[in-house]
Amino acid sequence: MPGDYTPQSIETKWQKIWEESKLFKVEVDETKEKYYLLEMFPYPSGRIHMGHVRNYTIGDVVARYKKMKGFNVLHPMGWDAFGMPAENAAIASGVHPKKWTYENMAYMKEQLKRMGFSYDWDREIATCDPDYYQWEQRFFIEMFERGLVYRDRTFLNWCDSCKTVLANEQVEDGACWRCGTQVYLREYDQWFFRITRYAQELLDNIEALKEGWPERVLIMQRNWIGRSTGSLLRFQIEGTGDDIEVFTTRPDTLYGATFMSIAPEHPLAKTLPRGTSQEGAVKTFVDKTLKEDKFTRTSESYEKEGVFTGRYCLNPLTGFRMPIYVANFVLYDYGTGAVMAVPSHDQRDFEFAKKYGLTIIVVIQPEGEQLDADTMEAAYEGEGILVNSQQFNGMKNTEAMQGITEHLKALGRGEATINFRLRDWGISRQRYWGAPIPVVHCEKCGTVPVKKEDLPILLPEGVTLTGTGESPIAQVESFVNTTCPKCSGPAKRETDTMDTFVESSWYFIRYCSPNHRDKAFDRKEVAYWMPVDQYIGGIEHAILHLMYSRFYTMVLRDLGYVDFAEPFQRLLTQGMVIKDGAKMSKSKGNVVDPEEMINRYGADATRLFTLLAAPPEKDMDWSDQGIDGTYRFLTRLWRLAMDIRDLPGTSAISTVPASMEPVMRKTHQTIRKVTEDVDKRFRFNTAIAAMMELVNDLYKAKETVQGQDEAAVLKYAVEHLLIMLSPFVPHIADELWEAMGRQGRLFEHPWPAYDEQWAVSASATVAVQVAGKLRATIEVPKDASQTLVEEKALQDANVRRFLEGVSIRKVIYVPNKIINFIVAPG
């Protein structure tokens with residue numbers, strides 16, 4: 001073995017040994033308790049980045065630790081392989097998305113192997129493989145048969161840069177979640193999953209996730225689902241038999257509703273103005289508004305504007321003729337897309353009414369005040385007593401809500417209801433590189449799902465990618481033209497592809513039995529491995545991926561594929577890797593290439609720094625000095641192990657010399673500290689710091705070692721240190737383990753147990769108080785006598801200063817905790 005630490009050669013050696021011996025391969029073993037550790041799989045963009053390294057290193061430490069604790073650990077990896085970047089790259093370079101994707105997967109796989117991650121690569125999946133997506137096509141058909149899939153024409157978020165539709169959850173602050181381009185609305189025929197049918201269960205199950213999920217994520221999901229209780233009201237459109245439906249949480253203000261605001265996307269925005277003098281003005285206004293994103297339209301600073309449709313509806317309780325306006329601040333995907341406007345008690349409506357000269361009627365008077373609609377300068381939004389409200393006059397507004405709703409129900413004009421902010425998941429994408437939607441359109445039979453025996457519906461490879469925003473598949477006649485599965489007549493295939501979040505909503509189940517070609521997964525294997533015990537990924541997926549995965553799992557349960565509702569028991573959202581005060585990005589010029597770090601410092605030093613720099617849930621500041629420090633630590637570890645290896649004897653301890661008791665004690669205290677930090681808290685940084693302290697103590701101890709008994713304790717300490725370090729820095733740990741003359745791989749070695757007797761501290765920190773106020777802390781032998789503690793306390797300069805000139809009346813001593821000098825009143 002070479003005398004110097006050479007990480008590159010050591011790491012290559014051990015990666016080859018691990019791979020050839022199939023060390024990380026795992027199978028169902030009913031005799032062992034399972035542990036399913038999963039990090040969110042990557043998109044094969046071409047190269048891994050430091051965010052990947054941090055995420056996967058955190059997961060690898062936990063996976064290796066759990067394996068050493070005796071669990072049967074499933075730790076798979078694969079590729080979220082469909083998506084827009086491959087298609088955009090094809091448009092720019094002419095390389096087919098399939099070729100681009102598979103080349104990237106191969107390259108990134110080698111990069112991940114160089115990091116020493118303990119993946120069972122026999123379970124590798126790629127979502128662009130027909131063996132994978134054929135099953136979600138089957139799920140789609142079964143969802144269609146159950147009414148969980150439907151097609152509708154609606155206004156959707158459009159990203160001009162990515163040339164695709166985005167779900168609401170994929171729009172962040174008005175911009176595309178992927179590229180940051182501002183989005184606007186376009187009208188499309190779109191396929192939807194009825195996630196709203198599961199809104200209440202998604203909300204209810206949050207309670208069961210509290211123990212294992214970050215509260216921040218649960219709050220985000222709860223808010224996105226957005227359950228509201230209120231009333232559904234119906235306003236008759238004057239001169240027709242049609243109604244406008246409105247959801248409101250404030251039925252108490254209905255008597256003050258004086259106009260109606262509808263969203264520009266609302267179908268009535270097209271139909272109401274027809275035949276009126278307002279038709280042109282409404283069209284111009286709608287076209288202009290739909291070019292603005294929803295985030296801007298709902299911001300406080302946005303100018304609230306509207307246009308009269310030329311039509312009226314009738315207040316169901318007062319008969320008041322309410323002009324119907326199209327308003328730019330009303331969104332179609334909240335409530336019903338129509339809002340009854342009560343300007344006296346809603347500030348936004350008040351400003352709108354003032355701007356357009358609309359009627360204001362006060363219906364709630366605050367106690368001790370008399371509001372006048374003609375002189376009001378702002379809406380009154382507080383509680384009070386109802387006025388101008390017929391039989392409800394004189395009642396507190398909050399107490400009248402139920403009565404007003406029941407009155408509306410008796411009139412056939414409304415009822416109590418529950419509303420959710422959550423909207424159905426739009427899954428159509430007008431792109432090529434995605435899973436084909438398995439339906440055909442027949443003039444005779446309508447929309448018909450393909451036969452299951454005809455799956456998979458393969459993505460055609462001979463396409464021309466233009467980036468125009470229309471589906472490239474639509475130009476492939478051999479794909480489009482087909483026969484109807486029902487009548488055998490001519491039909492056209494659906495040319496939209498599925499949102500890539502569909503693939504990532506069930507991949508974690510496929511990992512349980514990924515190599516079946518005749519079924520999506522084996523029920524017995526899924527029953528053994530699922531749910532995922534620990535899931536790790538970024539906070540940016542708190543709504544998108546995590547909500548969809550929860551929904552999809554519930555659907556698979558209802559389709560009879562699985563017998564559980566929630567896929568992830570525990571969730572860790574790791575922080576970002578930042579440099580120079582900003583998230584790493586090419587545009588900022590602050591990217592650190594993991595491959596460069598591996599070539600320079602080795603994978604172990606890179607892994608160790610990402611774990612040492614910050615707790616996993618916090619952002620991590622990249623530091624060149626920091627990784628330099630972890631490399632120096634590993635070099636010191638190497639020299640220490642080599643020196644102690646050459647001492648006489650073995651690590652078999654017959655007796656612990658008094659001179660070695662501090663080493664033995666520190667070793668077991670470190671085992672306890674690392675075990676608790678990894679097992680209970682995921683505090684990898686403090687666990688590493690504790691092991692670094694042990695290395696320092698061992699360096700001091702080896703300078704004075706004499707005889708085999710003392711050498712045995714040092715060898716024992718180093719071997720236990722290597723076992724503890726192996727989940728963090730597996731290559732050097734295995735190398736030094738072998739150098740110490742030990743057999744086997746540390747991945748399969750049991751995690752060490754600490755001896756309580758040795759783990760107990762030999763000293764105690766005692767707080768020193770004078771007259772009940774803390775003046776110092778001192779270190780004393782554990783269970784030291786009061787006399788000894790008093791002597792040590794009185795040697796402290798600060799304690800002496802506060803006792804100067806006073807007489808000590810009494811001393812109170814609580815062993816190993818506190819000593820308090822009670823002084824006479826002076």
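Visitor: In which strand does asparagine 157 lie?

Guide: This is a predicted model, and everything said here is computed from it. Asparagine 157 lies in strand S3, which covers residues 149–159.

Visitor: Is asparagine 157 buried or exposed, and why?

Guide: A residue counts as buried when its relative accessible area is under 20%. Asparagine 157 has a relative accessibility of 3%, and therefore it counts as buried. Once neighbours within four places in sequence are left aside, asparagine 157 is in contact with a list of residues that includes Thr164, Val165, Leu166, Val183, Tyr184 and Lys294.

Visitor: Before going further into single residues, how many helices and strands does the protein have?

Guide: The protein has 28 helices and 32 strands. Its C-alpha atoms fill a box of roughly 105 × 90 × 50 Å along the principal axes, and 56% of the 826 residues count as buried. Where contacts join residues at least 6 apart in sequence, 73% of them link residues at least 24 apart.

Visitor: What can be said of the surface and of the charges?

Guide: The accessible surface of the protein comes to about 35,200 Å², and 48% of that belongs to carbon and sulfur atoms. As for charge, there are 99 positive and 114 negative side chains, and the centres of these two sets lie 1 Å apart.

Visitor: Which residues touch the most other members of the largest nonpolar core?

Guide: That core holds 194 residues, and those touching the most other members are Tyr36, Phe193, Trp425, Tyr507, Phe521, Trp622 and Phe728. Helix H24, residues 707–725, gives the largest share of this core, with 11 residues. Another core lies apart from it and has 35 residues, among them Ile237, Val286, Ala338 and Leu408.

Visitor: With which residues is phenylalanine 193 in contact?

Guide: Leaving aside neighbours within four places in sequence, the contacts of phenylalanine 193 include Phe140, Met143 and Leu148, and also Trp425, Val502, Phe551 and Tyr552.

Visitor: Which residues of helix H3 are buried, and what covers them?

Guide: In helix H3, residues 84–93, the buried residues are Met84, Ala86, Glu87, Ala89 and Ala90. The elements that cover them include helix H4 (97–114) and strand S4 (164–166). Just after H3, glycine 94 takes a positive phi of about 85°.

Visitor: How should I read the sign of phi, or the form of a peptide bond?

Guide: Most residues other than glycine have a negative phi, and most peptide bonds are trans. With that in mind, lysine 22 is worth a look, as it has a positive phi of about 50° although it is not a glycine. Lysine 22 has its place in the loop between helix H1 (7–20) and strand S1 (34–39), and with a relative accessibility of 44% it counts as partly exposed. Serine 488, again not a glycine, has a positive phi of about 65°. Serine 488 is found in the loop between strand S21 (481–483) and strand S22 (490–493), and it is exposed, because its relative accessible area is 58%.

Visitor: Which peptide bonds leading to proline 456 and proline 531 should I look at?

Guide: The bond from leucine 455 to proline 456 is cis, with omega near 0°, and proline 456 sits in the loop between strand S20 (446–449) and helix H14 (477–480). The bond from methionine 530 to proline 531 is cis with omega near 0°, and proline 531 lies in the loop between H17 and strand S24 (534–538).

Visitor: Where does aspartate 522 lie?

Guide: Aspartate 522 lies in the loop between helix H16 (507–510) and helix H17 (523–529). Its relative accessibility is 15%, so aspartate 522 counts as buried. Its side chain makes a polar contact of 3.2 Å with the side chain of lysine 519, and, not counting residues up to four places away in sequence, aspartate 522 touches Ser513 and His516.

Visitor: How far apart are the C-alpha atoms of isoleucine 361 and glycine 256?

Guide: They are separated by 5.2 Å, although the two residues are 105 residues apart along the chain. Isoleucine 361 is found in the loop between helix H12 (347–356) and strand S14 (364–365), and it is partly exposed, with a relative accessible area of 23%. Beyond neighbours within four places in sequence, isoleucine 361 is in contact with Tyr255, Gly256, Thr258, Ser344 and Asn388.

Conventions
Residues are numbered from 1 along each chain as its sequence is written. This is a predicted model: local features need pLDDT of at least 70, side-chain atom pairs count only at pLDDT 80 or more; totals for chains, interfaces and linings use all residues. Side-chain values use heavy atoms; hydrogens and water are left out. Helices (H or I, at least four residues) and strands (E, at least two) are DSSP runs, numbered from the N terminus. Buried means under 20% relative accessible area, exposed over 50%, partly exposed in between (1.4 Å probe, protein chains only). Contact means heavy atoms within 4.5 Å. Accessible areas come from the Shrake-Rupley method with a 1.4 Å probe; for residues, only the protein chains shown count as cover. Lys and Arg count as positive and Asp and Glu as negative; His and the chain ends are not counted. The place of a charge is taken as NZ of Lys, CZ of Arg, CG of Asp or CD of Glu. A nonpolar core is a set of buried Ala, Val, Leu, Ile, Met, Phe, Trp, Tyr and Cys residues joined through side-chain atoms within 4.5 Å. A polar contact is a pair of N or O atoms within 3.5 Å; within protein, one must be able to donate a hydrogen and the other to accept it, and residues adjacent in sequence count only if both atoms are side-chain atoms.
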